[in-house]
Structures are given as C-alpha cells and as structure tokens.
Amino acid sequence: MFENHFSENACNMQASEIREFFELTERPEVISFGGGFPNENCLPCEEVQKLTEELLATEQEAMLQYTPTEGQQKLREYIVKFMANKGVEIDVDNVLITSGSQQGLDLVNKIFVDPDDLILTESPSYVGGLGAINNYQGEVLGIKVDENGLRTDLLEKKLKNLAAENSLPKFIYLVADFNNPTGLTISTERRRKLVELAEQYEFLILEDDPYSELIYEGEAKPLIKSFDKQGYVVYLGSFSKIFVPGLRIGWVVAHKEIIDKLILAKQSTDLCTNAIGQRLITVCGERGIIDKHIIKLRKLYRQKRDRILAALEKYCPEEVSWTEPKGGFYCWVKLPKTMNSRDLLVKAIEKDVAFVNGAAFSPNGGGQNAFRISFSQPCLAEIDEGISRLGGVITEEMAKLNSKSQRCIV
C-alpha cells in the first residue's frame with residue numbers, strides 16, 4: 001500500500017535472521033543457543049532496586065530530567081576513568097553516551113556512509129553491524145579470519161589493490177575481542193598492524209567492544225584504540241553485556257571532531273539517552289558495583305563456556321569443528337561442506353533446540369555450513385541436554401547425506 005512512499009533506505013532494510021527465529025526459539029520448551037543475552041541470574045536486581053529508590057529520593061533532577069545530548073557529565077567522567085583502566089587516555093570531550101552500542105553503530109554509519117561507499121568487515125561479522133552498514137547503502141566487503149582473528153595480510157593486499165583503483169574504504173568494522181559470532185580474538189600484533197594500515201591508507205577503524213571484560217583465561221589484549229595516536233580509531237563500548245542490558249547505556253570514544261558530528265546526528269535521533277540509566281551506571285561504577293559484578297560474570301560464564309566445549313566434544317561427530325573462545329558468549333561451529341545449517345536448524349527446532357545459522361553473519365555470501373551457538377543463557381544442565389540433542393540431529397543428517405551420496409555413486 002505504501003511502497004511508493006518509502007525512502008530508498010527503507011526499501012533496502014532487511015530483517016535480521018536472528019530476530020526472525022526469536023518467536024520459535026524463545027518457546028519455554030526450546031533450549032536456545034540463539035540469543036546473545038546475559039543470563040537472567042546475572043542481572044543485579046537487588047542493587048538496581050536499592051539504588052533506584054535512593055537516587056529517586058535524593059537526585060530527582062539527575063534521574064528524571066532531560067540530559068545533554070552528549071550525556072551526563074559525571075557519567076562521561078566515569079567513562080574516562082573506565083577507559084584509562086583499559087589503557088586508553090582520553091578527555092571528557094572524546095566521549096558520547098549512546099542508547100546502547102547499536103545506536104553508536106547507527107550514528108557512525110549515519111555520519112560516514114554514503115550509498116555505495118566501501119566498508120570492510122571481518123568475515124563472518126556481527127549481524128547488527130552489517131545491518132547498520134546496509135541501512136545506509138554501504139557496500140560491504142568481508143576479510144577472512146583465522147584462529148588469530150582478522151587476517152591483516154589479506155587486508156593489506158586488498159588495500160593495495162583498492163588504492164590502485166582509488167577506491168579505499170571509509171572504515172573497517174571489527175569486534176576484536178571474543179568476536180560475535182566466532183568467539184575469536186585478534187592478536188596483539190595484528191591490532192598494531194591494523195592501526196599502521198589505517199594511518200597509511202587513511203581509513204577509520206570502528207572497534208566494537210561489548211565483550212572484552214568477559215575474559216575467562218589468559219591475559220587481556222590491548223584495545224586497538226590504545227595504539228591510536230592520530231584519531232583513526234572510533235571505539236564503541238557498552239554496559240549491556242557486563243551489567244544491565246535494559247538500561248541501554250553505551251558510549252563512543254573518538255576524536256573530538258567526530259564526536260561533535262555524532263552529537264548533531266544524535267540530536268535528530270533521540271535528543272538524549274535516558275537519564276535514569278545514566279545516573280544508575282555512574283553510581284554503580286563509582287561505588288565499585290560494576291567491577292564486582294564483572295568478576296561474578298566471569299566465574300559464571302567460564303563454567304558455561306567449559307561445559308559447552310566439553311559437550312561439543314562428547315556429542316558431535318568428528319567431522320564437526322568449533323572455535324574455543326577465551327571469553328565472550330559464542331562458539332562458531334563448522335559442519336561438513338555438504339551440510340546446510342539452515343536446513344539443520346529446521347530439524348533441530350523439531351527436537352526443541354535452536355542456534356543461529358551461519359549465513360546471517362556472512363557479508364558476501366557463504367557460511368551455509370556453519371552456525372553460531374551462544375552459551376550465555378542456558379543453565380549447565382540445559383547445555384548438556386541441548387548439545388546432546390543437537391549432536392544427535394547432526395549425526396542423523398550426516399548419515400542421510402552419506403547414504404544419499406553412496407546411492408548416487410552406485
């Protein structure tokens with residue numbers, strides 16, 4: 001009815017494959033490895049309830065009034081300290097508070113991407129990041145990854161070719177720590193190389209970082225932003241995975257010139273981020289509640305990570321492989337090339353177990369024989385039962401394919 005009225009941007013928008021399956025996978029009987037949500041037992045309900053009552057009684061203005069578009073001053077000051085602890089020295093003027101990091105993704109694309117602009121990403125890449133680029137009609141080109149994350153050798157080769165064609169990218173979009181969907185982490189050497197390439201070829205790096213605090217083994221890698229001396233790295237942070245997702249508090253760290261433009265873009269989007277969430281995050285951060293909560297999360301999610309890796313080893317055929325993340329929420333599972341994860345998902349849902357098929361994360365096609373599993377939501381017993389069911393479905397489908405192949409040979 002309204003097709004002729006929609007803008008070109010609106011006509012190009014596509015629903016996320018993850019969202020399309022939520023209605024099915026969130027049924028109570030389904031063990032879902034689909035959504036990358038914090039576990040319900042990890043929400044600090046008592047602390048938030050107590051502080052909300054206290055602050056509503058003592059700081060009504062800070063809790064209930066409009067705030068500056070760039071965010072409440074005290075929260076931005078806390079972010080400065082938070083980033084300093086992660087090895088990044090910034091000023092308050094380098095910080096913009098957003099309604100979750102997804103708004104940061106949208107705003108960055110809004111101020112930088114024109115139709116047909118080239119944007120590089122990891123392949124596979126976060127579906128929300130790909131969606132933000134596609135909504136502004138950017139052209140996405142994926143760079144392959146290996147066990148050490150983004151392959152900077154392939155990136156450098158591609159940049160040389162693009163420079164010769166005078167068609168360099170606006171930016172490269174990355175989830176460097178415990179990537180969504182693969183769980184992989186970019187090595188320190190490659191992070192340093194990324195910044196060197198950005199300076200050489202004058203493109204931006206969009207570093208999306210929801211997970212780096214959720215580390216379960218080894219030492220934390222330095223942020224890509226920590227190597228940035230000229231302002232080529234735009235950093236996105238969020239409290240959604242490490243504290244309370246419903247507050248929708250994220251932030252952008254960037255050169256002041258970029259922050260100023262993002263503020264203008266945000267003014268026409270939502271004017272300001274919610275005040276209650278900003279003040280709660282600030283007080284919880286200043287009182288050490290967030291730091292203590294992160295320690296709790298690491299312990300709980302480490303148990304889940306260990307359990308799902310053990311279950312995959314126990315129940316999956318030897319032809320199946322998977323990543324072994326050192327943090328975050330995700331494992332990336334690869335099937336034999338003859339199998340299709342979308343077809344497998346239909347069979348899995350019949351057994352009341354769900355995941356996200358790999359094609360959703362592939363910027364340039366592919367991923368049909370891979371899928372993402374998130375271990376953040378199910379309890380330990382559900383992880384065992386769910387992977388047992390899933391392994392059975394995979395084994396059954398592999399047997400059917402092998403039988404069919406043998407008949408064709410005969």
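**Reading a loop, a core and some helix pairs**

Me: Where does Gly138 lie in this structure?

Reply: Gly138 sits in the loop that runs between helix 7 and strand 4 (139-146), and please keep in mind from the start that this is a predicted model.

Me: Is Gly138 buried or exposed?

Reply: Burial is read from relative accessible area, and a value under 20% counts as buried. Gly138 has a relative accessibility of 11%, so Gly138 counts as buried.

Me: Which residues does Gly138 touch, if I leave out those up to four places away in sequence?

Reply: Setting those aside, Gly138 touches Val113, Asp114, Asp116, Asp117 and Ile133. You can also look at a separation along the chain beside a separation in space: Gly138 and Leu118 are 20 residues apart along the chain, and their C-alpha atoms are separated by 6.0 Å.

Me: Asp116 is in that list, so what can I say about its backbone angle phi?

Reply: Phi of Asp116 is near 75°, which is a positive value in a residue other than glycine. Asp116 belongs to the loop between helix 6 and strand 3, and, with a relative accessibility of 62%, Asp116 counts as exposed. Another case to look up is Leu271, with phi near 70°, again a positive value in a residue other than glycine. Leu271 is in the loop between helix 10 (256-267) and helix 11, and its relative accessible area of 42% makes Leu271 partly exposed.

Me: Which two residues are joined by a cis peptide bond?

Reply: The angle to read here is omega, and the cis peptide bond joins Ser123 and Pro124, with omega about 10°. Pro124 is placed in the loop between strand 3 (118-123) and helix 7.

Me: Is Ile119, in strand 3, buried or exposed?

Reply: Ile119, whose place is in strand 3, has 0% relative accessibility and therefore counts as buried. Leaving aside its neighbours within four places in sequence, Ile119 is in contact with Val113, Ile133, Glu139, Val140, Leu141, Lys170 and Phe171.

Me: How should I begin when two helices pack together, as helix 6 and helix 7 do?

Reply: Two packed helices are described by the angle between their axes and by the distance between the axes. For helix 6 (residues 100-112) and helix 7 (residues 127-135), the axes come within 9 Å and cross at roughly 30°, and that angle makes helix 6 roughly parallel to helix 7. The contact of helix 6 with helix 7 has, by class, 3 nonpolar, 4 polar and 1 charged residues. On the side of helix 6 you will find Gln102, Leu105, Asp106 and Asn109, which meet Gly128, Gly129, Ala132 and Ile133 in helix 7, and helix 6 passes helix 7 in a right-handed crossing.

Me: At what angle do helix 3 and helix 11 pack?

Reply: Helix 3 (residues 45-58) and helix 11 (residues 275-286) pack at an angle of about 110°, with their axes 11 Å apart. Angles from 65 to 115 degrees count as roughly perpendicular, and helix 3 and helix 11 are therefore roughly perpendicular to each other. Their contact brings Val48, Leu51, Thr52 and Leu55 in helix 3 to Arg279, Leu280, Val283 and Cys284 in helix 11, and these residues divide into 6 nonpolar, 1 polar and 1 charged.

Me: How do the axes of helix 8 and helix 9 cross?

Reply: The axes of helix 8 (residues 152-164) and helix 9 (residues 188-201) come within 10 Å and cross at roughly 5°, which means that helix 8 is roughly parallel to helix 9. By class, their contact has 6 nonpolar, 1 polar and 4 charged residues.

Me: How many residues are in the largest nonpolar core?

Reply: In soluble globular proteins, nonpolar side chains tend to be buried together. Here the largest nonpolar core has 118 residues, and those with the most contacts inside it are Ile205, Phe239, Trp251, Ile373 and Ile394. Helix 12 (residues 289-315) gives the most to this core, with 9 residues. Apart from this core lies another, of 6 residues, among them Val127, Val356, Ala360 and Ala370.

Me: Which residues does Ile394 touch, not counting those up to four places away in sequence?

Reply: Ile394 touches Cys316, Pro317, Val320, Leu335, Met339, Leu344 and Phe371 when residues up to four places away in sequence are not counted.

Notes: Residues numbered from 1 in each chain as written. Predicted model: local features only at pLDDT ≥ 70, side-chain atom pairs only at ≥ 80, totals over all residues. Heavy atoms only, no water. Axes fitted to C-alpha atoms, helices over the stretch in contact; angles between N-to-C directions. Helix = DSSP H or I, 4+ residues; strand = E, 2+ residues; numbered from the N terminus. Parallel < 35°, antiparallel > 145°, perpendicular 65-115°, else oblique. Left-handed = near helix turned anticlockwise from the far one by under 90°. Contact = heavy atoms within 4.5 Å. Nonpolar A, V, L, I, M, F, W, Y, C, P; charged D, E, K, R; others polar. Core = buried A, V, L, I, M, F, W, Y, C linked by side-chain atoms within 4.5 Å. Buried < 20%, exposed > 50% of the residue type's maximum accessible area, 1.4 Å probe, protein only.
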